Amino acid sequence: MNWITNYVRPRINSLFSRREVPENLWTKCPECGTMLFHRELAENLNVCSSCGHHMPISPRERFRNLFDGGIFTEVEVPKPVADPLQFRDQKRYPDRLRAAQKATGEPEAMLVAEGEMGRTPIVAAAQDFRFMGGSMGMYVGNAIICAAERAVETGRPLILFSAAGGARMQEGILALMQMPRTTVAVEMLKEAGLPYIVVLTHPTTGGVTASYAMLGDVQIAEPNALICFAGPRVIEQTIREKLPEGFQRAEYLLDHGMLDRVTDRRKLRDELITITRMMMKLPPAIAADLPAPADETAAPQADGAE
Amino acid sequence: MMSYLDFEKPLAEIEGKAEELRALARENDEIDIEKEVAALDEKAERLLEELYRNLSPWRKCQVARHPNRPHCLDYVEALFTDWMPLAGDRNFADDHAVVGGMARFRDRPVVVIGHEKGTDTKSRIERNFGMARPEGYRKAVRLMDLADRFGLPVITLVDTPGAYPGKGAEERGQSEAIARSTEKCLKIGVPIVSVIIGEGGSGGAVAFATADRVAMLEHSIYSVISPEGCASILWKNAEKMREAAEALRLTAQDLKALGVIDRIISEPIGGAHRHPEETIAAVGDAIDEMLSPLVKKSRKTLVRDRRRKYLEMGAKGLAA
Ligand SMILES: [Zn+2]
């Protein structure tokens, strides 16, 4: 079965497209309180220039900064059955979905794209924490499967940025079944001998951590990201004691041997280029060879040009 | 001693009355209570049937968690011979919440892996109430590897409230251990069949229940989150567990309709805890029926079909 049905038409992925114009030109860093100018903050990949705090970044913004010249082609994810359980809590699930779509301008909690990163062809997938906590349901499962299939088809590595509170409760058991489903996707990559690199971002918890987000060939995390299976509150309630400082944060996991690296978002792209090129047995990237960020000629058919 | 669930209270009253009469008759032969007791027994039987014919999802959760329900080791003892438990993950510890080892199932050598909840206070604590730590999943991975190398089918018995949410468990990589166990289930070139005998609690269950064939006992449950947990998040009130249990569709019947499981194993009226022997025998027959066609398949076919099954799962929602 081919999960890729077709490509979406070119689309403007400008950081400052209509809905992304910040109403307030200044953002206060929640960590250190420094007022940061929006353009400077965006250039800094939403990392506080004063204290290094990593603020959330949307998948589209991330891809704009990951792919050469900010150019990438979106891979369309097959749509699953809507509201498979006809789930209703205090709100109807379709209403929650619509609200998330309106708030984010995205159809669901994961974006899949292909393009070049440091002249290295890759497929990338990024989870959107703003969209119902990035939760993993049928769509996210489909996204990971289609990203893996696309990577296998084109012989490219897959780089996955995780961010999720866990499985999407409104899809019940079908959300849980994304654990084995996405693990099959990871197996496809491994069998094809293609690198699967996971970048864990804040927060990555629950069933997501217990499946595709922990099965990478290389496991990198952003600084201070919360990464766990059971959340700290649940653990405190269970064991009835205070947890140590930094518990379940990226650095803590690194110390306990659960990660390969903790990397500042601003250095991540270079590192990913270096790693993927070695794993793909490509010659080292030459920095000067990279197209300038606004170069539109690098991939004429691709979208995302400003 | 029978321990009654809250919804069984009217039943407890009738059965209690019948028991009292019998005790009275034992002390005094002149009292003739036969008719009265027979009437009470019949009433109790009818009520039991009524109660269990249409258990609500929440009541099924209660039955699935019943302390007298047969647990993993009860099945192992009754259904397997030459039981040879194997311990340890070779890294850190042996997790007593997970039992595993080699055994013969109807003469065929197999590897058995399951969650064990324990039967009394002491053993429940020792078994950590069936909540596994990373070592448990890593032991399972090791045993599945062993099964794979020696061509032994794997049988898993799932009964866990969930993976243990503890400090050490997190530090030693609970999520990675679960992920690796699920990965191993998908990778092995031998048949793997799974029966959810009580609670299939979230990722802690998936780690063993990713299989060629999955069966559930009629009143067992399998869910992404406990109804109490779901209620406290979505309803902001843990007391709304009945509503959450409905919404989550966690019963064997719902999961069959969704195409997540392959078969439902009937429980005698009154549930597995009232008739453990019959239930265990039915599970044995179901395992045999699921396993027999699989053992004829090649390694390649098994792995391919298993992966395909999961890739296609959920595509049709409730229309599956
Ligand atoms: Zn700051």
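Reader: Hi! How many residues does each chain give to the contact?
Author: Chain A gives 41 residues and chain B gives 44 residues. Two residues are in contact if their C-beta atoms, placed from the backbone, lie within 7 Å. This is a predicted model, where local features need pLDDT of at least 70, side-chain atom pairs count only at pLDDT 80 or more, and totals for chains, interfaces and linings use all residues. Residues are numbered from 1 along each chain as its sequence is written, while chains are lettered from A and ligands numbered from 1 in the order in which they are written.

Reader: Which element gives the most to the side of chain A that touches chain B?
Author: That is H6(A), with six residues. Helices (H or I, at least four residues) and strands (E, at least two) are DSSP runs, numbered from the N terminus.

Reader: Cool, now strand E6 of chain A. Why is it largely enclosed by the rest of the structure?
Author: Seven of the seven residues of E6(A), residues 158-164, are buried, so the rest of the structure largely encloses this strand. A residue is buried if 20 or more other C-beta atoms lie within 10 Å of its own, exposed if 12 or fewer, and partly exposed in between, with C-beta atoms placed from the backbone.

Reader: Which residues point which way from E6(A)?
Author: A:Leu158, A:Leu160, A:Ser162 and A:Ala164 point one way, and A:Ile159, A:Phe161 and A:Ala163 the other way.

Reader: And what joins E6(A) to strand E7 of chain A?
Author: Six bridges do, and the two strands run parallel. One bridge to look for is A:Ala164 with its partner A:Thr204 in E7(A). Strand E5 of chain A (residues 120-127) also pairs with E6(A) in the parallel sense, over four bridges. Two strands pair if DSSP finds at least two bridges between them.

Reader: Switching to chain B: how many helices and strands does it have?
Author: Chain B has 14 helices and eight strands. Its C-alpha trace spans about 70 × 50 × 40 Å along the principal axes, and buried residues make up 49% of its 320 residues.

Reader: Which residues of H6(B) are buried?
Author: Among them are B:Pro134, B:Tyr137, B:Val141, B:Leu143 and B:Met144. Their cover includes strand E2 (98-105) and helix H8 (174-187) of chain B.

Reader: What comes just after H6(B)?
Author: There, B:Gly151 takes a positive phi of about 65°.
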